[in-house]
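Student: I should like to learn how to read a few features of a structure. Please show me the general idea and then the case at hand.

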Amino acid sequence: MARTKAFLKYHEFSANGAIDQIREKQYPDALKGYGGKALPIGIGYDKNAEAGKRKHTYRIEKVLL
């Protein structure tokens, strides 16, 4: 059975910015001997938007370890 680990990162404005931070900080490298897959998940939203009108975006990638 394949194993999967997820990394979740929030960014104030963009899901792409959150994924970029995961890459820059090299989070998946911490699991190098683990085997399987990693799923970096980036979530972004505009915290300055009016409550109830905040739009969330997300981006999920797959990384083989």
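Tutor: The following dialogue looks at burial, contacts and polar contacts. This is a predicted model, in which local features need pLDDT of at least 70, side-chain atom pairs count only at pLDDT 80 or more, and totals for chains, interfaces and linings use all residues. Residues are numbered from 1 along each chain as its sequence is written, and side-chain values use heavy atoms, with hydrogens and water left out.

Student: Is Pro28 buried or exposed?

Tutor: Buried means under 20% relative accessible area, exposed over 50%, and partly exposed in between (1.4 Å probe, protein chains only). Pro28 counts as buried because its relative accessibility is 14%. Gln26, by contrast, is partly exposed, at 49%.

Student: Which residues does Pro28 touch?

Tutor: Contact means heavy atoms within 4.5 Å. Leaving aside residues up to four places away in sequence, Pro28 touches Phe7, Ile22 and Leu65.

Student: What is notable about the phi of Gln26?

Tutor: The phi of Gln26 is near 55°, a positive value in a residue other than glycine.

Student: With which side chains does that of Glu61 make polar contacts?

Tutor: A polar contact is a pair of N or O atoms within 3.5 Å; within protein, one must be able to donate a hydrogen and the other to accept it, and residues adjacent in sequence count only if both atoms are side-chain atoms. The side chain of Glu61 is joined to that of Arg23 at 2.7 Å and to that of Arg59 at 2.6 Å. Glu61 is itself buried, with 17% relative accessibility.
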